[in-house]
Amino acid sequence: MLADTRVMFLGFSYGSCMNEHESSVVRSTTAEESIRQTLARYCMFCDDGRFEEWGLLFTLGTQLHVMATTHSGRERVQAFIEAGQPPELRGKHVVINPLILVSEDASSAQSWSDFLFIDRTGVITTTGRYHDELVLEPDGVWRFAVREIVFTGKEPQLLQPPPA
């Protein structure tokens, strides 16, 4: 069956006669790009001390699991990261190699991405992997429902490792 819709993708409008599979592929690709932007904003907002904007990357009922502790709720997660990232401790979070799996209906996704943290002197001080569950909220923004930070040498406690 052909869908009679126009789809915007990376600024281009794609035809009105895509079959359902083609339309699904475009939705999935668009979701993946939006999720990559959420991953990037996480790093940039934290590094720049923009904690109110950083907090909005999480759902209201979010969970952030790091160092064997789970912080629940957007306000608590934001307060935790803000306390742990005073100006003198900020550096650069770098996210690489994201593997993103979007659900068939494009309303949720799983993501795994490697990270490293570079301090103000240019030294890599921390490496690991983010394990994420994201949801597409009614306002069209992909947000973290669960983020688990797994440092190199440790095993995830909440979420599964990436699939083979």
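Two strands are taken to pair if DSSP finds at least two bridges between them. The model described here is predicted. By this rule, strands E8 and E9 are a pair, with 11 bridges joining them. E8 spans residues 108-118 and E9 spans residues 124-136. The two run antiparallel. Within this pairing, leucine 116 has threonine 127 of E9 as its bridge partner. E8 and E9 form a hairpin with five residues between the strands. There, glycine 122 adopts a positive phi near 90°.

Strand E9 also pairs with strand E10 (142-151). Nine bridges link E9 to E10, and the strands run antiparallel. Glycine 128 is bridged to phenylalanine 151 of E10. This second hairpin likewise has its own turn: five residues separate E9 from E10. Glycine 140 lies in that turn, with a positive phi of about 85°.

One residue of E9 was examined further. Threonine 126 sits in this strand. Threonine 126 is partly exposed, at a relative accessible area of 23%. The cut-off for a buried residue is under 20%. Histidine 93 is 33 residues from threonine 126 along the chain. The C-alpha atoms of the two are separated by 9.3 Å.

Histidine 93 also appears at the largest pocket. This pocket has a volume of about 380 Å³. Its lining is made of 18 residues, and those closest to the centre are Ile81, Gly84, Gln85, His93 and Phe151. Five elements each give two or more residues to the lining: strand E5 (58-66), helix H3 (74-84), E8, E9 and E10. By residue type, the lining holds 12 nonpolar, five polar and one charged.

Helix H3 has a buried side and an exposed side. Arg74, Val77, Gln78 and Ile81 are its buried residues. Viewed down the axis of H3, these buried residues fall within an arc of 95°, so they line one face of the helix. An α-helix has 3.6 residues a turn, so residues three or four places apart point the same way. On the other side of H3, the exposed residues are Glu75, Arg76 and Ala83. Ile81 of the buried set is also among the residues closest to the centre of the largest pocket.

The second largest pocket encloses about 180 Å³ of space. Helix H1 (20-47) and E10 each supply at least two residues of its lining. H1 gives the most, with five residues. Residues lining this pocket include Ser34, Gln37, Thr38, Arg41 and Phe45. Glu53, Leu56 and Leu57 are also among them. So are Gly140, Val141, Trp142 and Arg143. Gly140 is thus listed here as well as in the turn between E9 and E10. The lining divides into five nonpolar, four polar and three charged residues.

In soluble globular proteins, nonpolar side chains tend to be buried together. In this model, the largest nonpolar core has 25 residues. Those with the most contacts inside the core are Ile35, Tyr42, Trp54, Phe58, Val102, Phe144 and Ile149. Elements giving two or more residues to this core are H1, helix H2 (51-55), E5, H3, strand E7 (92-102), E8, E9 and E10. H1 provides the largest share, seven residues. H1 therefore features in two settings: the core, with seven residues, and the lining of the second largest pocket, with five.

Note on methods:
Residues are numbered from 1 along each chain as its sequence is written. This is a predicted model: local features need pLDDT of at least 70, side-chain atom pairs count only at pLDDT 80 or more; totals for chains, interfaces and linings use all residues. Side-chain values use heavy atoms; hydrogens and water are left out. On a 1 Å grid over the protein atoms alone, a cavity is a set of points where a 1.4 Å probe fits but cannot get out, and a pocket is an open set with protein on both sides within 12 Å along at least five of seven lines; lining residues have an atom within 4 Å of a point. Grid points are joined across faces, edges and corners, and a volume is the space filled by probe spheres set on the points. Helices (H or I, at least four residues) and strands (E, at least two) are DSSP runs, numbered from the N terminus. Ala, Val, Leu, Ile, Met, Phe, Trp, Tyr, Cys and Pro count as nonpolar, Asp, Glu, Lys and Arg as charged, and the others, Gly among them, as polar. Buried means under 20% relative accessible area, exposed over 50%, partly exposed in between (1.4 Å probe, protein chains only). The arc is that of the directions from the helix axis to the C-beta atoms. A nonpolar core is a set of buried Ala, Val, Leu, Ile, Met, Phe, Trp, Tyr and Cys residues joined through side-chain atoms within 4.5 Å.
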